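Me: I would like to learn how to read the features of a model such as this one. Please give the general idea before each case.

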Amino acid sequence: MNSLMMQVSVDVCQVVDGTDCPFGPQAGPGSSMFAYLGVSASIVFSCLGAAYGTARAGAGLASMGVMYPTVVMRCMIPIV
């Protein structure tokens, strides 16, 4: 074990307030809220983007089926 890991394992009780931490100050109590907020926002935006892309592809395929019904199956290949 190197000395830094030993020091961290020994000083674990003193790191609670962040003053003796060798890696910098510890995160505050509200930081987990912002972390979960970022995770949930990324999931929401990815779902909205997937829904928007699916709707656009479906609308394009439907308009292609109205104008050129013979090539619908050929246009469906890039969507799938």
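Reply: Start with the elements: helices (H or I, at least four residues) and strands (E, at least two) are DSSP runs, numbered from the N terminus. Here the elements run α-α-α from the N terminus on. The protein chain has three helices and zero strands. This is a predicted model, in which local features need pLDDT of at least 70, side-chain atom pairs count only at pLDDT 80 or more, and totals for chains, interfaces and linings use all residues. Residues are numbered from 1 along each chain as its sequence is written, and side-chain values use heavy atoms, with hydrogens and water left out.

Me: Which element has the lowest mean pLDDT, and which the highest?

Reply: pLDDT is the predictor's confidence in each residue, from 0 to 100. Helix H1 (residues 3–10) has the lowest mean among the elements, 50, and H2 has the highest, 93. The average over the protein chain is 77, and 68% of the residues score at least 70.

Me: How many of the residues, in percent, count as buried?

Reply: Buried means under 20% relative accessible area, exposed over 50%, and partly exposed in between (1.4 Å probe, protein chains only). Of the 80 residues of the protein chain, 8% are buried by that cut-off. Accessible areas come from the Shrake-Rupley method with a 1.4 Å probe; for residues, only the protein chains shown count as cover. The protein chain exposes about 6600 Å², and carbon and sulfur atoms supply 72% of that area.

Me: Which residues form a nonpolar patch on the surface?

Reply: Patches are made of residues with over 30% relative accessible area and no salt bridge (a side-chain nitrogen of Lys or Arg within 4 Å of a carboxyl oxygen of Asp or Glu). Like charges are joined within 9 Å, nonpolar side chains (Val, Leu, Ile, Met, Phe, Trp, Tyr) within 5 Å. Here the patch consists of Met33, Phe34 and Leu37, with about 350 Å² of accessible area together. Phe34 sits in helix H2 (residues 31–67) and counts as exposed because its relative accessibility is 56%.

Me: What lies 2.8 Å from a polar atom of the side chain of Thr54?

Reply: A polar contact is a pair of N or O atoms within 3.5 Å; within protein, one must be able to donate a hydrogen and the other to accept it, and residues adjacent in sequence count only if both atoms are side-chain atoms. For Thr54, the partner is the backbone oxygen of Ala50. Thr54 belongs to helix H2 and is exposed, with a relative accessible area of 56%.

Me: What separates the C-alpha atoms of Thr54 and Ile79?

Reply: The separation is 8.6 Å, for residues 25 apart along the chain. Another pair is Met73 and Leu61, 12 residues apart along the chain, with C-alpha atoms separated by 9.3 Å. Met73 is in helix H3 (residues 72–79).
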